[in-house]
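Please walk through this protein with the model open beside the text, moving from the overall fold to its interior and then to its charged contacts.

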Amino acid sequence: MRLSAVLRFIPAGIMAIAALAPLTVIAQSGDTLLKPADVQRLLPASVYYKGQSATTQLRNSGGVKFADGVFVLATLVDTSGYSTDIQAKYQAYFVTEVPIKIAGESLPAGVYGVGFIADNKFVVTDVGAHDLLTVSSGNDNEIKRPTPLKVTTDPSGGFRLYEGRRFVVFNR
């Protein structure tokens, strides 16, 4: 009698394991670095910033898809129609679907203009070109062939957003 009672729970246990198995695979797969081809499917060909439309350079883009399905995306933009003071600090369009930390400073989910500026600084602006956050950036002289923009993993955890050899670390 006891054996038959135990056998009745086996199908229910198998169904519970089968239902949870996809969640385990997703959680174990971790975060994914996105290549420009991935980002091209997610971002538009032009974006709004400071009263104008700027063409995105999707071939110079990157990002992260976190294990829970949310994104952080970055792409260079053509700022030729902007004033020189805007061009100096707005080089890329930056989208984060979740709050993140950039160089240890908190940034809420949103759409931003970002850029690497003088004195090894990285600036985050809102789409009206108002400065929101300025942090120190690093310089990676070990890169043999720097690219205009890319996202990589950071050896100490998190990710790096690069513009050439300059970079800033971000994480959740």
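The paragraphs below go from the chain as a whole to its cores, its aromatic pairs and its salt bridges.

The model is a predicted one, and its protein chain holds three helices and 14 strands. Of the 172 residues in the chain, 38% are buried, while the accessible surface comes to about 9800 Å², with 58% of that area belonging to carbon and sulfur atoms. Among contacts with a separation of 6 or more, 44% join residues that are 24 or more positions apart.

The largest nonpolar core has 25 residues, and those touching the most other members are Phe94, Ile102, Phe122, Leu161 and Phe170. Several strands each supply at least two residues of this core, including β5 (92-96), β9 (121-125), β13 (159-163) and β14 (166-171). A second, separate core of 16 residues includes Ala54, Phe71, Tyr90 and Val95. To return to Phe170, its contacts beyond the neighbours within four places in sequence include Val64, Val72, Ile102, Val151 and Leu161.

Eight aromatic pairs are found in the whole structure. Tyr49 and Tyr90 have ring centres 3.6 Å apart and planes at 15°, so this pair is stacked. Because Tyr49 lies in strand β2 (residues 46-49) and Tyr90 in the loop between α3 (84-89) and β5, the pair ties together parts that are 41 residues apart in sequence. Both tyrosines, Tyr49 and Tyr90, are buried. Elsewhere, ring pairs link Phe66, Phe94, Phe159 and Phe170 into a cluster.

Two arginines lie over aromatic faces and also take part in salt bridges, of which the structure has six. Arg172 lies over the face of Phe66, at 4.9 Å from the ring centre, and forms a salt bridge with Asp68 whose closest N and O atoms are 2.9 Å apart. Since Arg172 lies in the segment after β14 and Asp68 in the loop between β3 (52-65) and β4, this salt bridge ties together parts that are 104 residues apart in sequence. Arg172 has a relative accessibility of 47% and therefore counts as partly exposed.

Arg160 lies over the face of Phe167, at 3.9 Å from the ring centre, and forms a salt bridge with Asp140, with the closest N and O atoms 3.4 Å apart. Is this pair of residues buried or exposed? Asp140 is buried at a relative accessible area of 13%, and Arg160, at 15%, counts as buried too, because buried means under 20%. Salt bridges that share partners join Asp140, Asp154 and Arg160 into one network.

Notes: Residues numbered from 1 in each chain as written. Predicted model: local features only at pLDDT ≥ 70, side-chain atom pairs only at ≥ 80, totals over all residues. Heavy atoms only, no water. Helix = DSSP H or I, 4+ residues; strand = E, 2+ residues; numbered from the N terminus. Buried < 20%, exposed > 50% of the residue type's maximum accessible area, 1.4 Å probe, protein only. Contact = heavy atoms within 4.5 Å. Areas by Shrake-Rupley, 256 points an atom, 1.4 Å probe, with all protein chains shown as cover. Core = buried A, V, L, I, M, F, W, Y, C linked by side-chain atoms within 4.5 Å. Phe/Tyr/Trp six-rings, centres within 6.5 Å; stacked < 30°, edge-to-face > 60°. Lys NZ or Arg CZ within 6 Å of the ring centre and 35° of its normal. Salt bridge = Lys/Arg side-chain N within 4 Å of Asp/Glu carboxyl O.
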